[in-house]
Amino acid sequence: MTNREKNPALAGAATPGASAPETAAAGTATPGAAVTEAAAACVSALSEHAADLPFARRTRTGKIKTRVMGKQNAAVALTLGILAGLTVFSLVTMNYGKVAFFTAFGQAAEDFLMMMLQPGLAGHFTLADVVTGLFVSIALAVLTTFIGAVIAFVLSLFAAVNLSNRMLSNAIKALMSFFRAVPTILWVLVFTVAIGLGPEAAVIGLLFHSVAYLVKAYSESFEEVDPGVLEALRSCGASWWQTVFAAVVPVKTSEMLSWTFIRFEINFVNAVAVGAVAGAGGIGYQLFLAGSFYYNIHEVGLIVYLCLAVAVVLEVAATKLRKRYIVHS
Amino acid sequence: MEAVGGQFFRRRSLSIVAVFLVFVIANALAGGYVGFDFVASIADIPAGIAWMASNFVPSVESFEKIGQILSSLGSTVLVSIAASCTAAALAFAFAVLGSRSVGIGGPVSVAVRAIASLFRNIPVVAWAFILLFSFKQSEFTGFFALFLTSFGYLTRCYLESIDEVSGGSVEALRATGAGYFPIVAQAVVPMSITSVISWVLYMIETNIRDATLIGILTGTGIGFVFDLYYKSFRYDIAGLVIVMIVIAVIVCEAVSNYVRRQII
């Protein structure tokens, strides 16, 4: 609809001549036999109808198109085409290494099955070591999540447009998108050299993405608060903090807690990955040792199962929380 | 009336205090367990940022390496796009088979969900090792690791969006007697295509960031270049790599936001 209105020149060009109304007038003026009359009426009705739709898109033969590609569909098709083109280009130019491809596939599948079907210890770690490592990773995730939640809560109050001014809000959002643009692992590696190896570097490095994610989630949920309630409180002379704690926080507590838990799930995954690369400890570091120093797939398998157990429990809980508290429908 | 109100407010304040206490206790427990020093880390943050600002600033001579950095960044971006798109195609097929509204139903639905969850939750570090054992150090290893994690993630997202979006129109087509493939082609695909593209764009962004980690582990792409200079203490060049990644991610985010506005 909007398309036709926007582009009358194009639609006008598709209309086959402006003489349609005149033909219609001539058709009705000529009397004849009943059949011809009916046919003529039919034709006139059609051409009158055509005159009613001067903007209808037509094919070359003059038929009205029943399928017209709108601007959005064209954009979808173009996006898909570009993505497919880039994918093909990338797959063609990719460096596949010097390995025999199908043998390598078989080998990888075999290793995967060995990892999943025969997990076990091979003397490099005890079960207690690995479980301790798992708890260290969980503890890192807990610290990151909770410290991040507190920082993010304060920042998101200033990032929500309805509680703050637009300039401050945009400044905070820009800072957050910078935090998000640097990969987590780089934050951790940078802080590892800046303040030394240890849980502090891991937690501070993980904090950046955690804060950026939670600020986005919290501030968007704050922006949904009923503006009438805010106005009512303000007109009673409530101070800014009173508005926040009487109108915003009570309504949004469960949603904020759900987002925080969802971030906890992500932080656990990140804590494992970061432990592997930055030597920040935890089960990730043991996974790294088992994989790239001892080359022991059975130990990798056991560690993977421990991580899977925690991650699946967290994922199920996070999905339930999202369905219950976040998706409004 | 006032008593009821008072009770309500008291209960609300109590629950906020309780949430806060849980936060503090969990933090103390976790902090004690890993030996996290809160005071030191608060002091460390400004010091760390100052150190970073003086050491990770790209120097003039680091720009000599810009050719190498840009070419590996380019290959990383291409690999991320390819991994996201191929994973999306496969994930969409899986999600259609496993969805509640158009799925084959029964055990297939459960199996698809289990596979998606498995692929998503196996740590990416473990994938990197398994692939590195067989495919050695090549771009394809990085691509495949990204592909596997993206596949798990996208299957889960697509399962949700297909069920959310196409329930009514699938039922309508089924009522007219349409077969399985016409239903998929005429109802499921057109209804969910915008969210499918939106998720692919999000995945490309995420994959460019994750490619750094996978690159460090498998020795490919921009992650390898970063690791090389980071481990040889050339922090100025490592800083330049970070700046380039930031630019790439922000450009990618801007392009996806533009495309999203066009298609929705």
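In the predicted model, B:K136 is partly exposed, because 15 other C-beta atoms lie within 10 Å, whereas a buried residue would need 20 or more and an exposed one 12 or fewer. The phi angle of B:K136 is positive, near 60°, although the residue is not a glycine. B:K136 is placed in the loop that links α5 (124–135) to α6 (139–175) of chain B.

A second residue other than glycine with a positive phi is A:Y295, for which the value is near 45°. A:Y295 belongs to the loop between α13 (283–292) and α14 (297–326) of chain A. With 11 other C-beta atoms within 10 Å, A:Y295 counts as exposed.

Chain B contains nine helices and zero strands, and its elements accordingly read α-α-α-α-α-α-α-α-α along the sequence. The domain assignment divides chain B into domain 1, residues 2–55, and domain 2, residues 63–263. The centres of domain 1 and domain 2 of chain B, calculated over C-alpha atoms, are 34 Å apart. For chain B the radius of gyration is 24 Å, while a value near 18 Å would be expected of a compact globule of 264 residues. Along the principal axes, the C-alpha atoms of chain B occupy a box of roughly 70 × 65 × 40 Å. Buried residues account for 46% of the 264 residues of chain B. Of the contacts in chain B with a sequence separation of 6 or more, 74% are between residues 24 or more positions apart.

Chain A is likewise built without strands: its secondary structure consists of 14 helices and zero strands. From the N terminus, the order of elements in chain A is α-α-α-α-α-α-α-α-α-α-α-α-α-α. Of the 329 residues in chain A, 36% are buried. When contacts in chain A between residues at least 6 apart in sequence are considered, 71% connect residues at least 24 apart.

The interface between the two chains involves 61 residues of chain A, in contact with 63 residues of chain B. On the side of chain A that touches chain B, the most residues come from helix α5 (residues 71–93), which supplies 10. This side of chain A comprises 47 nonpolar, 11 polar and three charged residues.

Helix α9 of chain A, residues 184–195, was examined individually. The C-alpha atoms at the ends of this helix are 16 Å apart; this agrees with the expected span, because 12 residues at 1.5 Å a residue should cover 16 Å. The helix is mostly covered, with 11 of its 12 residues buried. Among the buried positions of α9(A) are A:T184, A:I185, A:L186, A:W187, A:V188 and A:L189, and A:V190, A:F191, A:T192, A:A194 and A:I195 are buried as well. The cover over these residues includes elements of both chains. From chain A, α10 (199–223) and α12 (240–278) take part. From chain B, the cover includes α2 (38–55), α7 (180–218), α8 (221–231) and α9 (235–263). Of the helices named from chain B, α2 (38–55) falls in the range of domain 1, residues 2–55, while α7, α8 and α9 fall in that of domain 2, residues 63–263. After α9(A) comes A:G196, a residue with a positive phi near 95°.

Terms used. Residues numbered from 1 in each chain as written. Chains lettered and ligands numbered in written order. Predicted model: local features only at pLDDT ≥ 70, side-chain atom pairs only at ≥ 80, totals over all residues. Helix = DSSP H or I, 4+ residues; strand = E, 2+ residues; numbered from the N terminus. Expected span 1.5 Å × (residues − 1). Contact = placed C-beta atoms within 7 Å. Domains from an automatic or database assignment. Nonpolar A, V, L, I, M, F, W, Y, C, P; charged D, E, K, R; others polar. Rg over C-alpha atoms; globule rule 2.2 N^0.38 Å.
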